[in-house]
Amino acid sequence: MATSTTKKSQPDVDPFAALESLRAALDDAGIVFPSLRVDPASPDLKLIELGRVRADVAVRLAGALRRGDRE
């Protein structure tokens with residue numbers, strides 16, 4: 001029996017709006033990713049490039065993610 005594969009539909013989200021939303025949330029947590037940007041090499045995929053961060057920033061990000069909306 002053949003199975004059909006369907007491409008999961010992704011919501012149509014503007015990558016620039018997503019970038020600004022992420023930047024604002026990170027800013028609220030006191031976290032800065034200097035290289036945060038929309039990936040220009042893959043416009044169809046709408047990727048956000050996070051880039052590299054220092055170890056102390058990674059620890060702060062992990063803590064912010066663990067806390068979630070509990071603050």
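A salt bridge is a side-chain nitrogen of Lys or Arg within 4 Å of a carboxyl oxygen of Asp or Glu. Keep that in mind for this talk. One caution: what you see here is a predicted model.

Let's start with the charged pairs. How many salt bridges does the structure hold? Five. I'll take three of them.

Lys-46 forms one with Asp-12. Their closest N and O atoms are 2.4 Å apart, and the cut-off is 4 Å, so the pair qualifies. Now look at where the partners sit. Lys-46 belongs to the loop between S1 and S2. Asp-12 lies in the segment before H1. They are 34 residues apart, so this bridge links distant parts of the chain. Are the two ends buried or exposed? Lys-46 has 34% relative accessibility, so it counts as partly exposed. Asp-12 is exposed, at 70%.

Next, the bridges around helix H2. Arg-54 pairs with Asp-56, and there the closest N and O atoms are 2.9 Å apart. Asp-56 also meets Arg-60 in a salt bridge, at 3.5 Å from N to O. Why about one helical turn between Asp-56 and Arg-60? Because they are four residues apart in helix H2. Put the bridges together, and shared partners join Arg-54, Asp-56 and Arg-60 into one network. Arg-54 is exposed, with a relative accessible area of 56%. Asp-56 is partly exposed at 36%. Arg-60 is partly exposed too, at 34%.

Now the helix itself. H2 runs over residues 55-67, which is 13 residues. From first C-alpha to last, H2 reaches 19 Å. The expected figure is 18 Å, at 1.5 Å a residue, so H2 comes close to it. Which residues of H2 are buried? Val-57, Gly-63 and Ala-64. Look down the axis of H2: those buried residues fall within an arc of 125 degrees, so they line one face of the helix. The face turned away from that buried side carries exposed residues: Ala-55, Val-59, Leu-65 and Arg-66. Just after H2 comes Gly-68, with a positive phi of about 60 degrees.

On to the core. The largest nonpolar core has eight residues. They are Leu-19, Leu-26, Ile-31, Phe-33, Leu-36, Val-38, Val-57 and Ala-64. Helix H1, residues 15-28, and helix H2 each supply at least two residues of this core. Pick out Ile-31. What does Ile-31 touch, leaving aside residues up to four places away in sequence? Leu-26, Val-57, Arg-60, Leu-61 and Ala-64. Notice Arg-60 in that list. We met Arg-60 a moment ago, in the salt bridge with Asp-56.

Last stop: the loop between strands S1 and S2. S1 covers residues 37-38, S2 covers 48-49, and Ser-42 sits in the loop between them. Why do we call Ser-42 buried? Its relative accessibility is 11%, and buried means under 20%. The side chain of Ser-42 joins that of Asp-39 through a polar contact of 3.1 Å. Lys-46 is in this loop as well. Lys-46, remember, counts as partly exposed.

To recap: one bridge links distant parts of the chain, three charged residues form a network, and H2 has its buried residues along one face. Thanks for listening.

Methods. Residues are numbered from 1 along each chain as its sequence is written. This is a predicted model: local features need pLDDT of at least 70, side-chain atom pairs count only at pLDDT 80 or more; totals for chains, interfaces and linings use all residues. Side-chain values use heavy atoms; hydrogens and water are left out. Buried means under 20% relative accessible area, exposed over 50%, partly exposed in between (1.4 Å probe, protein chains only). The arc is that of the directions from the helix axis to the C-beta atoms. A nonpolar core is a set of buried Ala, Val, Leu, Ile, Met, Phe, Trp, Tyr and Cys residues joined through side-chain atoms within 4.5 Å. Contact means heavy atoms within 4.5 Å. A polar contact is a pair of N or O atoms within 3.5 Å; within protein, one must be able to donate a hydrogen and the other to accept it, and residues adjacent in sequence count only if both atoms are side-chain atoms.
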